[in-house]
Amino acid sequence: MAERMKWIEVIMPQLAESLVSATIGKWLKKPGDRVEQYEPICEVITDKVNAEIPSTVDGIMGDLLVEEGTTIAVGEAICRMQVAAADDEQVAEQVTQVSQQNNAQQGSVTPVGHDPNQPMRNRYSPAVQSLAAEHGLNLQAIQGTGAGGRITRKDVLAVIAQGGQTGIPAQPSSAVSPSASPFSRLNKSGAETGISAREAVSAPDAGVPVRHSGIHLTESPKIPQIEVEGGGQGRSEYFIDVTPVRNAIARNMRQSVSEIPHAWTMIEVDVTNLVMLRNKLKDEFKRKEGINLTYLSFMMKGVVNAIKDYPIMNSVWAVDKIIVKRDINLSMAVGTEDSVLTPVIKHADQRNIAGLAREIDDLARKTREGTLKLDHMQGGTFTVNNTGSFGSILSQPIINYPQAAILTFESIVKKPVVINDMIAVRSMANLCLSLDHRILDGVICGRFLQRVKENLEGYNMETKVY
């Protein structure tokens, strides 16, 4: 007897809290291809990073509803898939209901188990699904603390830290809830429970890297090819298509300068002792860690310690209040040939100089290779930039919206300096601070810069990096 099949729609998932749309970069499957659960079906380009969208079911690819290069909103259908109706009926219903929840135009349909007080309760990001699958957790049993009751990565990590105890009885594995994540049926070994062997995802061949669900990259993603038109010698101009990344940068910069009243100030710092300290440690550090010990890691440590003394620098404007962030998460501006991205060093205040150096190297490498994940781009509270790396000695940075300030570390230059009425040659650098004048004023920023200056000039040959 022929197997009864059923059509379902695959929707664009919300890859991060702040993302509302993404661009289809490349389809990895074409109509008629067999697709296994967790296998990537397309590459997408977001405002922050590029990622792959994994399939949530086993099936056969049907119509591709969105062409490559098209931007589509979160919750809209991107393709259709054919699944076995008899065995995958519950999974098909689940995908349909998740689509209904994510699609604002289908607000009149109320999914099973929908809580109007927690409209985001059953919307899971791939990162959350992947983490839950890795640790065998039932997402339905986890209390969400995100917007609208959404389960965040921190919620899942909190449950893992408690040994996987959620305090809510999990549903039996033999009955998959229509609103539960399909990833919740995986245990730590990746084997499915409560479904037939025919449905199980085949084990990978030996020697082939195991593919994890969620946001992952098989290779360094490429920024869309720039198309040049009218470049003949007879033309006085030519045109360059605006890529999604460049469009996002333009939008964010425009929002920053239009909403934030920028002011800026600068201070000069004597980093002679820092230069001597780094020269003393860099070779041994390179042998031990395999990475360079950069000036930026020392500078970040000085900034973090200054923010501890002046926490108002670590804040955002909220119209009727100022929100001061307890976590110090440093955004680091990293430039490539095509764009500037700001990956985040989480809990920078809990890291020593060596730890900051490792994070800087790791995030800079991932940025240039195009392997950043969305989690790397979120949660920044204060931005630092090393404009001195390309020889700049003075700059006015634009604030990384919605943060309150951004600090640039300019090029180190040897200058004649008057010390005790005597002239000496010292290594000097400028620190340039742009500030949100709604939150910060000259006095507090002057004191903050003075504290950063004291921290940087306080380094000596006995300073430890570990």
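Two residues are in contact here when their heavy atoms lie within 4.5 Å. With that in hand, welcome to a predicted model, which we can tour from one well-packed residue outward.

**Leu435 and its surroundings**

Leu435 sits in strand β21, which spans residues 422-436. Its relative accessible area is 4%, so Leu435 is buried, the limit being under 20%. Setting aside neighbours within four places in sequence, the contacts of Leu435 are Pro261, His262, Ala263, Trp264, Thr265, Ile399, Ala404, Ala405, Leu440 and Cys445. One of these partners, Ala263, is 172 residues away in sequence, yet the C-alpha atoms of Leu435 and Ala263 are 5.4 Å apart.

Strand β21 also has a partner in β20 (residues 413-419): the two pair in the antiparallel sense over seven bridges. Within that pairing, Lys415 has Arg426 of β21 as its bridge partner. Two residues lie between the strands of this hairpin, and Asn420 takes a positive phi near 50° there.

**A nonpolar surface patch**

Trp264, named above as a contact of Leu435, also belongs to a nonpolar patch on the surface. The patch is formed by Trp264, Met266, Ile393, Leu394 and Val413, with about 440 Å² of accessible area together. Met266 is placed in strand β11 (residues 262-270). With a relative accessible area of 37%, Met266 is partly exposed.

**An open sheet**

Turn next to the four strands that form an open sheet in the order β1-β8-β6-β3, with antiparallel pairing. Its edge strands are β1 (5-11) and β3 (34-35), each of which pairs on one side only. Between β1 and β8 (residues 77-84) there are seven bridges, again in the antiparallel sense. Val10 finds its bridge partner in Cys79 of β8.

**Helix α3**

Helix α3 covers residues 153-161, and its buried residues are Asp155, Val156 and Val159. Viewed down the axis of α3, these buried residues fall within an arc of 95°, so they line one face of the helix. Lys154 and Ala161 are exposed residues on the face turned away from that buried side. Just after α3, Gly163 takes a positive phi of about 85°.

**Backbone details in the loops**

Two loop residues other than glycine have a positive phi, and they are set side by side here.

| Residue | Loop | Phi | Relative accessibility |
|---|---|---|---|
| Tyr38 | between β3 and β4 (40-45) | near 75° | 10%, buried |
| Val319 | between β12 (315-317) and β13 (322-324) | near 65° | 69%, exposed |

Why does Tyr38 count as buried? Its relative accessibility is 10%, and buried means under 20%, so Tyr38 meets the cut-off. Val319, at 69%, counts as exposed because that class begins over 50%.

A further loop holds a cis peptide bond, running from Tyr401 to Pro402 with omega near 5°. Pro402 lies between β18 (382-385) and β19 (405-409).

**The chain as a whole**

Stepping back, the secondary structure of the chain comes to eight helices and 21 strands. The chain has 466 residues, of which 45% count as buried. Among contacts between residues at least 6 apart in sequence, 65% join residues at least 24 apart. As for the surface, the chain exposes about 23,600 Å², and carbon and sulfur atoms supply 50% of that area.

Definitions and conventions
Residues are numbered from 1 along each chain as its sequence is written. This is a predicted model: local features need pLDDT of at least 70, side-chain atom pairs count only at pLDDT 80 or more; totals for chains, interfaces and linings use all residues. Side-chain values use heavy atoms; hydrogens and water are left out. Buried means under 20% relative accessible area, exposed over 50%, partly exposed in between (1.4 Å probe, protein chains only). The arc is that of the directions from the helix axis to the C-beta atoms. Two strands pair if DSSP finds at least two bridges between them. Patches are made of residues with over 30% relative accessible area and no salt bridge: like charges are joined within 9 Å, nonpolar side chains (Val, Leu, Ile, Met, Phe, Trp, Tyr) within 5 Å. Accessible areas come from the Shrake-Rupley method with a 1.4 Å probe; for residues, only the protein chains shown count as cover. A salt bridge is a side-chain nitrogen of Lys or Arg within 4 Å of a carboxyl oxygen of Asp or Glu.
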